[in-house]
Amino acid sequence: MNNWNLSYLLKDLIKTRANPVGEVRQEVWASEIGMPYLDRYLDMKGVPYTNLPDGKALANFFLGEQIESGLKQMLENIGIAYTDNERVVYQQKDLLGVVAKPDLIVEINDWEKIKENIKTEAENLPDDKYKEREKNKLREKYKTIIQFQERYPEGLKKTIFEIKSANTNSFKMIKKEGAKLHHQLQLLTYLKAYNLPEGHIIYINKEYGDMNEFVIRADNENLNELWNIDIETMTFYIKNDIKPELEFYASDWRYKYSKYYDLLYKELYEREK
């Protein structure tokens, strides 16, 4: 039998997660706000991508996705957070709707209920060789909840959290310069959709596990102005079926990662060399 490597199979499987074409739609994804208009226009018109992520890029994205998923699961398991599975669309008059799907919503009104749930879980553990180990885990979870209760006796107000993973270089830049603008605009959409005063963005270093957390306010005038300009502009292009002009700045990282790189930017970058 021929030698084979599981890594090749995994890379090929991860590649299948990439969609080859955009979805024809009249709604904006919150994660798109602040990104180049032309790319978004082509995507919303269903134009096939010219540059799908390769196996390495998708594997990197997949690992980040798993880290984010693991953190969400820990918070959900402890009973202090949940994910809203409803499809929420925020729409202002005469503008395109924006799909809002936040990563995590944290809200605690009753600490005692959470503690009772942990006790119930411990009482219902199966009587097997792992029972004592699982009981110890629940004891630690219980202690953690008590510590949080002591710090925040009135509970935790409803807050949206957006979780992002980043490599070390990107993480250092974010720590120095603050949350990325398009991530702030994404979170602002959620605050508008859920009518909340503030939300948090948490960045996780994929390599070392460090975290940075940033608070975004819904009443940030500059951010709201940028959000309005973006949605008004995108609405104009889509509703009038007008293709946006090509924007290009060689120093802007957004163009290098475009799904339409060959179609739009490749020749421009080569001229810059």
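Rings of Phe, Tyr and Trp, the last taken by its six-membered ring, are counted as a pair if their centres lie within 6.5 Å. The exercises below apply this rule and others to a predicted model.

**Exercise 1. Determine how many aromatic pairs the chain holds, and work out how the pairs F248–Y269 and Y255–Y265 are arranged.**

Solution. By the rule just given, the count comes to 11 aromatic pairs. One of them joins F248 and Y269, whose centres are 4.9 Å apart and whose planes stand at 90°; because planes over 60 degrees apart count as edge-to-face, this pair takes that label. The pair links distant parts of the chain, since F248 belongs to the loop between α8 (221-239) and α9 (253-256) while Y269 belongs to helix α10 (residues 261-272), 21 residues apart. Both F248 and Y269 are buried.

Turn next to Y255 and Y265, which form a pair with 4.9 Å from centre to centre and 55° between the planes, and which is therefore tilted, as the angle falls between the limits of 30 and 60 degrees. Here too distant parts of the chain are linked, with Y255 in helix α9 and Y265 in helix α10, 10 residues apart. Y255 has a relative accessible area of 0% and Y265 one of 1%, so each is buried. As a last step, place these residues together: F248, Y255, Y261, Y265 and Y269 make up one aromatic cluster.

**Exercise 2. Find which residues I33 touches beyond its sequence neighbours, and decide whether I33 is buried or exposed.**

Solution. Begin with the position of I33, which is in the loop between β1 (27-29) and α2 (37-44). Its relative accessibility is 0%, and because the limit for a buried residue is under 20%, I33 counts as buried. With neighbours within four places in sequence set aside, I33 is in contact with V28, R40, V98, H182, L185, T189, W227, D230 and I231. One of these partners, W227, also carries a charge over its ring, for the charged end of K192 sits 4.8 Å from the ring centre.

**Exercise 3. Describe how helices α2 and α8 pack against each other.**

Solution. Two packed helices are described by the angle between their axes and the distance between the axes. For α2 and α8 the axes come within 11 Å and cross at roughly 50°. That angle makes α2 oblique to α8, because it is neither under 35 degrees nor within the range of 65 to 115 degrees. The crossing of the two helices is right-handed. On the α2 side the residues that meet the partner helix are Y37, R40, Y41 and M44, and on the α8 side they are I229, D230, T233, M234, Y237 and I238.

**Exercise 4. Locate D94 and N195, two residues other than glycine with positive phi, and judge the exposure of each.**

Solution. D94 has a phi of about 70°, and its place is in the loop between β3 (88-90) and β4 (97-100). With a relative accessible area of 57%, D94 lies over the 50% limit and is therefore exposed. For N195, phi is near 55°, and the residue lies in the loop between α7 (181-194) and β7 (198-205). Its relative accessible area is 70%, so N195 is exposed.

**Exercise 5. Summarise the chain as a whole.**

Solution. The chain contains 10 helices and eight strands, and 42% of its 273 residues count as buried. Among contacts between residues at least 6 apart in sequence, 70% join residues at least 24 apart.

Methods:
Residues are numbered from 1 along each chain as its sequence is written. This is a predicted model: local features need pLDDT of at least 70, side-chain atom pairs count only at pLDDT 80 or more; totals for chains, interfaces and linings use all residues. Side-chain values use heavy atoms; hydrogens and water are left out. Helices (H or I, at least four residues) and strands (E, at least two) are DSSP runs, numbered from the N terminus. Buried means under 20% relative accessible area, exposed over 50%, partly exposed in between (1.4 Å probe, protein chains only). Contact means heavy atoms within 4.5 Å. A charge sits over a ring if NZ of Lys or CZ of Arg is within 6 Å of the ring centre and within 35 degrees of the ring normal. Axes are lines fitted to C-alpha atoms, for helices over the stretch in contact, and angles run from 0 to 180 degrees between N-to-C directions. Angles under 35 degrees count as roughly parallel, over 145 as roughly antiparallel, 65 to 115 as roughly perpendicular and the rest as oblique. A crossing is left-handed if the near helix is turned anticlockwise from the far one by less than a right angle, and right-handed if clockwise.
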